[in-house]
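Visitor: Please put the model up so that we can go through it.

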Amino acid sequence: MKILKIDHLGIAVNSIDEGKKFWVDILGLHFEGAETVEEQKVTTAFFPVGESEVELLQSTSPDGPVAKYIEKKGEGMQHIAFRVENIEEALKELKEKGVKLIDEAPRIGAGGAKIAFLHPKSTGGILVELCQRD
Ligand code: ZN
């Protein structure tokens, strides 16, 4: 498995517009646009930082995974995403190593990337996302 870089940091927020006040108005990051992934009940907004990005996640529904996360833990860092060269290969290798996977097979996330999540029980408590962009 080859990890190429930290692709993005996922941050759960109640409101992307509110979040922008810090990330754009104060830190001066560039807002690159938002996208809704209906299947995940989430709207994501990307803010490039060097070779990586900050991703703000806002739930589109009170029963979506991001809404549930905020309900339990409050707003804040929700996941870290590593870009890998080959996501199918990476998942196969991790499974062989006994890592618990949330997604056994990749699905399509924001920006058309192939993504898959690893279970925090296998990662020391961090929700880890793998992504592959071609
Ligand atoms: Zn993500």
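Guide: His8 is buried, with a relative accessible area of 1%; buried means under 20% relative accessible area, exposed over 50% and partly exposed in between, with a 1.4 Å probe and protein chains only. The model is predicted, so local features need pLDDT of at least 70 and side-chain atom pairs count only at pLDDT 80 or more, while totals for chains, interfaces and linings use all residues. Residues are numbered from 1 along each chain as its sequence is written, and side-chain values use heavy atoms, with hydrogens and water left out.

Visitor: Which residues are the protein donors of the zinc ion?

Guide: Donors are N, O and S atoms within 2.8 Å of the metal (3.2 Å for Na, K and Ca); water is not among the atoms, so sites may look incomplete. The protein donor atoms lie 2.1 to 2.4 Å from the zinc ion. Along the chain they follow the spacing H-x46-E-x23-H-x49-E. The donors are His8 (NE2), Glu55 (OE), His79 (NE2) and Glu129 (OE).

Visitor: How many residues apart are His8 and Glu129?

Guide: His8 is in strand β1 (residues 3-12) and Glu129 in strand β8, so the pair links distant parts of the chain; strands (E, at least two residues) and helices (H or I, at least four) are DSSP runs, numbered from the N terminus. Glu129 is buried, with a relative accessible area of 5%. The two residues are 121 residues apart.

Visitor: What is the site of the zinc ion, given the angles among its four donor atoms?

Guide: Four donors count as tetrahedral if all angles lie between 85 and 135 degrees; four count as square planar and six as octahedral if opposite donors are over 155 degrees apart and all others between 65 and 115; anything else is irregular. Here the angles run from 82 to 173 degrees. The site is irregular.

Visitor: In what order do the eight strands of the open sheet lie?

Guide: Two strands pair if DSSP finds at least two bridges between them. β1 and β5 run antiparallel, joined by eight bridges, and β7 and β8 pair in the antiparallel sense over five. The edge strands, each pairing on one side only, are β2 (34-37) and β6. The pairing in the sheet is mixed, and the order is β2-β3-β4-β1-β5-β8-β7-β6.

Visitor: Which residue in the hairpin of β6 and β7 takes a positive phi?

Guide: Strand β6 (residues 107-108) pairs with β7 in the antiparallel sense over two bridges, and Arg107 has Ile115 as its bridge partner in β7. Five residues lie between the strands of the hairpin. The one with a positive phi, near 70 degrees, is Gly111.

Visitor: Which element gives the most to the largest nonpolar core?

Guide: A nonpolar core is a set of buried Ala, Val, Leu, Ile, Met, Phe, Trp, Tyr and Cys residues joined through side-chain atoms within 4.5 Å. The largest one has twelve residues, including Ile80, Leu91, Leu118 and Val128. Two or more residues each come from β5 (76-84), α3 (87-96), β7 (114-118) and β8 (128-132). With four residues, the element that gives the most is α3.

Visitor: Within what arc do the buried residues of α2 fall?

Guide: In helix α2 (residues 65-73) the buried residues are Val66, Ala67, Tyr69 and Ile70. They line one face of the helix, because their directions seen down its axis fall within an arc of 160 degrees; the directions are those from the helix axis to the C-beta atoms. On the other side, Glu71 and Lys72 are exposed. The arc asked for is 160 degrees.
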